[in-house]
Amino acid sequence: MEIVSRSKCFGGDQAVYKHPSQVCGVDMTFAVYLPPQAKNRSVPVLWYLSGLTCTHDNAMTKGGLQQHAAEHGVALVFPDTSPRGEGVADDESYDLGVGASFYLNATQQPWQPHFQMYDYVVKELRAMLQGALPITDNHGITGHSMGGHGALTIAMRNPSLFRSVSAFAPILNPTQSDWGRKQFSTYLGDDEATWAQYDATILMAENGWHGDILIDQGANDQFIDLLRPQAFAEAASKRRQPCTLRTHADHDHSYFFVSSFAGDHVKWHADRLKTD
């Protein structure tokens, strides 16, 4: 882990790192916020996965999570949204290629060599941070839009690794949406049976989640038809899954929306990540 930058922030430290990734085959950049409590003890961790076109920087600088993390003694991890650099496959459209990994393991060429973001988050980066930082093994995960999709699918597939999960305006049913079908067919091929493992609505119907879930959605979100919150709500209801899906009048899909409810999410996770 090579330090790219470090800044004091609400009594804690906001740092950006880069490292060579064996999983993605390129150097990866990510950010970590350690609250002031980390100077004296190990603290729980909240992962934040960002959305389409973002890097680690967007939520770090626009999400407003650090002040709340400092208050509750929670570390924050902001991974990048995809591999980047020379030799990494890309596409001219904003919703495919660099910045648009959909947090899956690609199986198709030319994406497979680098687009392994599911394993990067779940296995490589988690293991590296666990051994290098003053953090406990109590992890929660959240995210926005494509990152909300990643947070929910990663958590539901790895309940032993994450104690809590929430999301801001997540893509909830990508196998039935243009924000999903295009990317899944490109990264995973045409066999739709392989897509289900990356669809939160299908995972909810089949597996559910061991705890409760918090989702916030803007009523004026210009992408709400692509996100399909109603499909997830129906699946959760049929399973009798504890799930709070709040719809907020006049809010859109932007970081103004995310920062408006960032405090609620950090506190919600902090309450569930307390050491037994």
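Start by selecting Thr53: this residue is exposed, with a relative accessible area of 54%, because the cut-off for exposed is over 50%. You'll find Thr53 in the loop between strand 4 (43-49) and helix 1 (56-62). Keep in mind as you go that you're looking at a predicted model.

While Thr53 is on screen, check its backbone. Its phi is near 75°, a positive value in a residue other than glycine. Why pause over that? Most residues other than glycine have a negative phi, and most peptide bonds are trans.

Next, select Phe102. Here too phi is positive, at about 60°, although the residue is not a glycine. Is Phe102 buried or exposed? With 0% relative accessibility, Phe102 counts as buried, because the cut-off for buried is under 20%. Phe102 sits in the loop between strand 5 and helix 3.

Now pick Gln109 and Pro110 and look at the bond that joins them. The peptide bond from Gln109 to Pro110 is cis, and its omega is near 0°. Pro110 belongs to the loop between strand 5 (75-79) and helix 3 (117-132).

Helix 4 is the next stop, so select residues 146-157. How far apart are the end C-alpha atoms of helix 4? They are 17 Å apart, which agrees with the 16 Å that 12 residues should span at 1.5 Å a residue. Then show the surroundings of the helix: 11 of its 12 residues are buried, so helix 4 is largely enclosed by the rest of the structure. Colour the buried ones if you like; among them are Met146, His149, Leu152, Ile154 and Met156. The glycines Gly147, Gly148 and Gly150 are on the buried list too, along with Ala151, Thr153 and Ala155.

Finally, zoom out to the whole chain. Switch to a cartoon view and you can trace nine helices and nine strands. The C-alpha atoms fill a box of roughly 50 × 45 × 35 Å, taken along the principal axes. The radius of gyration is 17 Å, which agrees with the value near 19 Å that a compact globule of 276 residues would have. Of those 276 residues, 57% are buried.

Try a contact view as well: among contacts with a separation of 6 or more, 72% link residues 24 or more positions apart. Then turn on the surface. The chain exposes about 11000 Å², and carbon and sulfur atoms supply 47% of that area. For a last selection, colour by charge: there are 21 positive and 30 negative charges, and their mean positions are 9 Å apart.

Key. Residues are numbered from 1 along each chain as its sequence is written. This is a predicted model: local features need pLDDT of at least 70, side-chain atom pairs count only at pLDDT 80 or more; totals for chains, interfaces and linings use all residues. Side-chain values use heavy atoms; hydrogens and water are left out. Helices (H or I, at least four residues) and strands (E, at least two) are DSSP runs, numbered from the N terminus. The radius of gyration is taken over C-alpha atoms; the globule rule is 2.2 Å times the number of residues to the power 0.38. Buried means under 20% relative accessible area, exposed over 50%, partly exposed in between (1.4 Å probe, protein chains only). Contact means heavy atoms within 4.5 Å. Accessible areas come from the Shrake-Rupley method with a 1.4 Å probe; for residues, only the protein chains shown count as cover. Lys and Arg count as positive and Asp and Glu as negative; His and the chain ends are not counted. The place of a charge is taken as NZ of Lys, CZ of Arg, CG of Asp or CD of Glu. The expected span of a helix is 1.5 Å times one less than its number of residues.
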